[in-house]
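Please look over the sequence and the model before reading on. The paragraphs below go through some ligand sites first and then turn to charged side-chain pairs.

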Amino acid sequence: MNRGWGGLVLLTLLVWTGRARAQEDEDAACLRCHENVVAGAVRHDALDEGCTSCHEVTMKEEAPKDPRVAPHTTSLTEEEPALCQDCHDVPENPDDAHPPIDDEGCTLCHNPHSAPREHLLRDKPYQLCRQCHAETLPSGYLSLHAPVDSSCASCHDVHGNEKDKYLKATSPDLCLSCHKDIQKAVTSAYPHDPAEEDCLNCHVPHASRDVHLLNAYYPPGPYTVYTPLRYNLCWQCHDPEDVFGEDTGFRTKLGKNLHAVHVKRRKKSRLCTLCHSPHGSNQEHLLQTGIPFGAEGWVIPLKVTSNGKEKRCSAACHESRSYSP
Ligand code: HEC
Ligand code: HEC
Ligand code: HEC
Ligand code: HEC
Ligand code: HEC
Ligand code: HEC
Ligand code: HEC
Ligand code: HEC
Ligand code: HEC
Ligand code: HEC
């Protein structure tokens with residue numbers, strides 16, 4: 001290396017370390033009284049720039065006698081959220097910002113110095129959001145969606161984005177990114193149209209007063225007492241007349257309605273989903289290929305075969321029987 005350059009490098013290094021040391025000394029002076037700001041386990045890297053990169057501090061002429069009174073006046077070097085957005089593209093497009101960013105600032109949710117949890121969050125994400133969105137959990141809910149309890153951010157861009165409700169993706173893609181077993185059902189030979197289209201045709205995303213996050217009444221299984229209201233979920237789109245009337249394919253040669261036989265019962269009314277998958281199946285008419293039975297996780301195979309004239313249902317529920325659609 002040429003000697004001139006070496007000198008320049010050395011000089012730059014000296015100026016740089018000199019400045020860094022001066023800044024360290026200045027920060028040390030602040031921290032003598034403000035130790036608590038760096039007490040959190042997760043530290044903001046921006047602290048490397050020094051306290052005065054964000055705070056303008058003017059010491060008072062005379063130190064106050066009361067140690068609780070600030071010996072200085074302070075102001076931020078820039079208003080929030082611009083102060084933070086100088087270094088962070090959050091959100092990517094400021095026009096999409098979730099309102100509290102401009103109304104309250106980033107520090108509503110983040111500690112600017114250090115915090116006990118990741119992402120410098122002041123509280124659990126769920127608690128932060130609940131301050132303003134308590135309605136996402138209806139009172140007296142029966143089923144709660146697991147990811148809602150851990151982080152709202154698994155589905156929403158918490159800082160805002162250009163999409164409706166700041167979703168990261170829309171249903172069904174959003175839902176299928178976690179529910180691989182349901183993905184198998186909706187890509188099977190006979191998917192249920194509404195499930196292929198949008199999971200929110202039947203489910204709510206956060207919590208429900210019904211079982212399984214359903215958006216209308218449906219009984220917990222495997223059996224129930226029949227009343228028409230019990231199957232409201234399905235009657236949102238299907239006419240009970242089609243299922244319990246003369247035109248059903250599920251009837252005997254003599255015209256006895258086998259839906260009624262199985263479902264319209266005072267005791268042991270068989271749920272629709274005992275025989276039909278609500279999502280999709282490799283058997284025609286969404287017929288389940290297996291029926292879950294008992295707590296041991298047994299699955300009874302269900303098979304419907306046809307000889308062209310009659311269909312035959314084979315399941316361990318009873319001996320194999322034929323019907324005539
Ligand atoms: C001799 C002790 C002392 C020193 C040194 C000191 N402060 Fe303070 N500071 C205080 C006290 C006391 C308060 C008022 C109580 C509080 O908010 O903690 C205060 C308040 C503040 C506030 C909050 C002001 C507000 O309006 O809410 C900021 C920001 C601050 N100090 C930054 C700094 C920075 C940056 C430095 C270093 C350049 C510094 N302080 C040096 C004692 C000190
Ligand atoms: C990245 C910018 C940034 C840096 C760097 C920074 N602060 Fe702050 N600080 C803020 C903002 C923004 C607030 C006001 C938000 C709030 O009310 O907590 C704040 C508030 C404070 C307060 C008052 C509220 C509190 O948390 O006690 C004190 C004291 C303080 N800072 C001290 C410091 C000290 C000392 C340093 C250096 C070790 C420092 N800050 C470095 C951005 C910063
Ligand atoms: C001088 C640049 C600078 C400024 C100003 C700044 N930050 Fe940072 N911030 C960083 C750097 C560098 C990191 C560490 C690298 C990263 O995770 O992006 C960081 C990390 C973070 C993280 C943690 C990211 C994670 O994934 O864990 C949060 C949250 C954050 N900053 C919020 C803020 C907020 C709020 C403000 C305004 C009060 C702010 N930052 C101002 C530079 C800055
Ligand atoms: C309403 C609360 C809230 C506000 C306001 C907020 N954040 Fe966040 N931020 C979060 C949550 C929650 C996470 C964690 C997201 C996750 O788990 O993926 C996060 C994550 C981050 C991260 C790390 C991951 C990422 O998305 O890059 C950065 C950096 C960050 N925020 C910066 C900011 C800045 C800068 C602002 C202001 C412009 C801000 N935040 C305003 C709640 C908020
Ligand atoms: C300080 C209050 C406040 C906090 C805290 C807050 N939000 Fe918001 N949020 C709002 C406001 C105001 C709106 C816009 C008004 C509206 O459309 O309901 C909004 C809108 C939304 C929307 C879009 C709703 C729609 O109908 O388009 C979502 C999703 C959202 N917030 C999620 C979150 C998440 C996730 C968190 C926690 C990380 C959070 N919010 C924290 C005030 C807040
Ligand atoms: C499993 C994904 C998922 C999680 C986790 C989630 N949401 Fe949502 N959220 C959605 C979907 C999907 C919608 C759109 C519902 C619609 O269009 O009917 C939504 C809508 C919203 C809305 C708009 C108003 C409404 O109820 O339709 C707000 C506000 C909201 N969510 C806040 C939150 C908050 C706060 C959390 C955490 C406590 C959270 N979300 C967790 C998927 C989720
Ligand atoms: C981040 C991953 C994730 C996303 C995205 C997600 N879920 Fe879930 N979901 C889970 C987990 C974890 C459970 C609990 C374990 C299980 O039953 O698989 C669950 C459970 C469920 C349950 C059963 C609840 C019960 O009480 O029986 C339904 C229904 C459900 N999710 C529907 C949806 C729908 C609809 C969407 C899209 C709006 C969605 N999920 C998006 C992770 C996710
Ligand atoms: C036609 C109404 C309907 C649609 C549309 C629907 N579901 Fe379901 N879902 C149900 C019913 C009913 C149950 C309860 C099943 C039972 O009792 O066996 C259920 C149960 C679930 C469960 C928990 C039990 C299991 O089978 O793992 C998950 C997870 C689930 N649905 C996810 C989804 C996803 C993801 C979508 C979108 C691709 C979706 N659902 C669309 C009606 C529907
Ligand atoms: C014991 C099993 C079983 C139960 C329980 C059951 N189904 Fe079916 N369902 C069938 C069979 C088998 C077929 C196919 C008939 C054929 O081969 O054409 C069918 C056909 C259907 C069809 C196509 C139209 C028709 O009637 O042929 C609809 C719609 C239907 N079921 C809805 C329902 C609803 C809604 C419920 C609950 C109220 C229900 N099913 C309960 C076995 C059942
Ligand atoms: C959001 C509307 C909607 C809801 C809710 C709904 N379905 Fe469907 N279902 C459809 C549509 C659309 C089709 C395809 C057209 C058709 O065959 O009627 C269909 C088809 C079916 C079929 C196949 C019919 C055949 O002939 O192959 C069965 C079985 C069925 N649904 C059962 C159910 C059951 C059981 C429920 C309640 C758990 C239910 N559906 C809830 C809209 C819905």
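Which atom of ligand 3 lies 2.8 Å from a polar side-chain atom of His-88? In this predicted model, the partner of the His-88 side chain is a nitrogen atom of ligand 3, and a nitrogen atom of ligand 3 is also 2.8 Å from an N or O atom in the side chain of His-44. A polar side-chain atom of His-119, for its part, lies 3.2 Å from an oxygen atom of ligand 3. These three histidines, together with Cys-84 and Cys-87, are the closest of the 13 residues that surround ligand 3, and by class that shell has 7 nonpolar, 4 polar and 2 charged residues.

Ligand 10 can be read in a similar way. Of the 13 residues around ligand 10, those that come nearest are His-192, Cys-234, Cys-237, His-238 and His-285. A polar side-chain atom of His-192 is placed 2.8 Å from a nitrogen atom of ligand 10, while the side chain of His-238 has an N or O atom 2.8 Å from a nitrogen atom of the ligand; His-285 instead brings a polar side-chain atom to 2.9 Å from an oxygen atom of ligand 10. Helix H8 (193–197) and helix H9 (232–235) are the elements that give two or more residues to this shell, which by class has 7 nonpolar, 5 polar and 1 charged residues.

At ligand 5, the iron atom is coordinated at 2.0 Å by the NE2 atoms of His-98 and His-133. The arrangement is octahedral because the 6 donor atoms around this iron atom subtend angles of 88 to 179 degrees. His-98 lies in the loop between helix H2 (82–85) and helix H3 (100–103), and His-133 in the loop between helix H4 (125–130) and strand E5 (143–144), so the pair ties together parts that are 35 residues apart in sequence. His-133 is partly exposed, with a relative accessible area of 34%.

The count of salt bridges comes to 4. One of them joins Lys-253 and Glu-310, whose closest N and O atoms are 3.4 Å apart; Lys-253 sits in the loop between helix H10 (240–244) and helix H11 (258–263), and Glu-310 in the loop between strand E13 (303–306) and strand E14 (311–315), so that distant parts of the chain, 57 residues apart, are linked. Lys-253 counts as exposed at 67% relative accessibility, whereas Glu-310, at 21%, counts as partly exposed. Another salt bridge forms between Arg-68 and Asp-66 at 3.1 Å, N to O, with Arg-68 exposed at 75% relative accessibility and Asp-66 partly exposed at 27%.

How values were computed. Residues are numbered from 1 along each chain as its sequence is written. Chains are lettered from A and ligands numbered from 1 in the order in which they are written. This is a predicted model: local features need pLDDT of at least 70, side-chain atom pairs count only at pLDDT 80 or more; totals for chains, interfaces and linings use all residues. Side-chain values use heavy atoms; hydrogens and water are left out. Donors are N, O and S atoms within 2.8 Å of the metal (3.2 Å for Na, K and Ca); water is not among the atoms, so sites may look incomplete. Four donors count as tetrahedral if all angles lie between 85 and 135 degrees; four count as square planar and six as octahedral if opposite donors are over 155 degrees apart and all others between 65 and 115; anything else is irregular. Helices (H or I, at least four residues) and strands (E, at least two) are DSSP runs, numbered from the N terminus. Buried means under 20% relative accessible area, exposed over 50%, partly exposed in between (1.4 Å probe, protein chains only). A residue is near a molecule or strand if one of its heavy atoms lies within 4 Å of it. A polar contact is a pair of N or O atoms within 3.5 Å; within protein, one must be able to donate a hydrogen and the other to accept it, and residues adjacent in sequence count only if both atoms are side-chain atoms. Ala, Val, Leu, Ile, Met, Phe, Trp, Tyr, Cys and Pro count as nonpolar, Asp, Glu, Lys and Arg as charged, and the others, Gly among them, as polar. A salt bridge is a side-chain nitrogen of Lys or Arg within 4 Å of a carboxyl oxygen of Asp or Glu.
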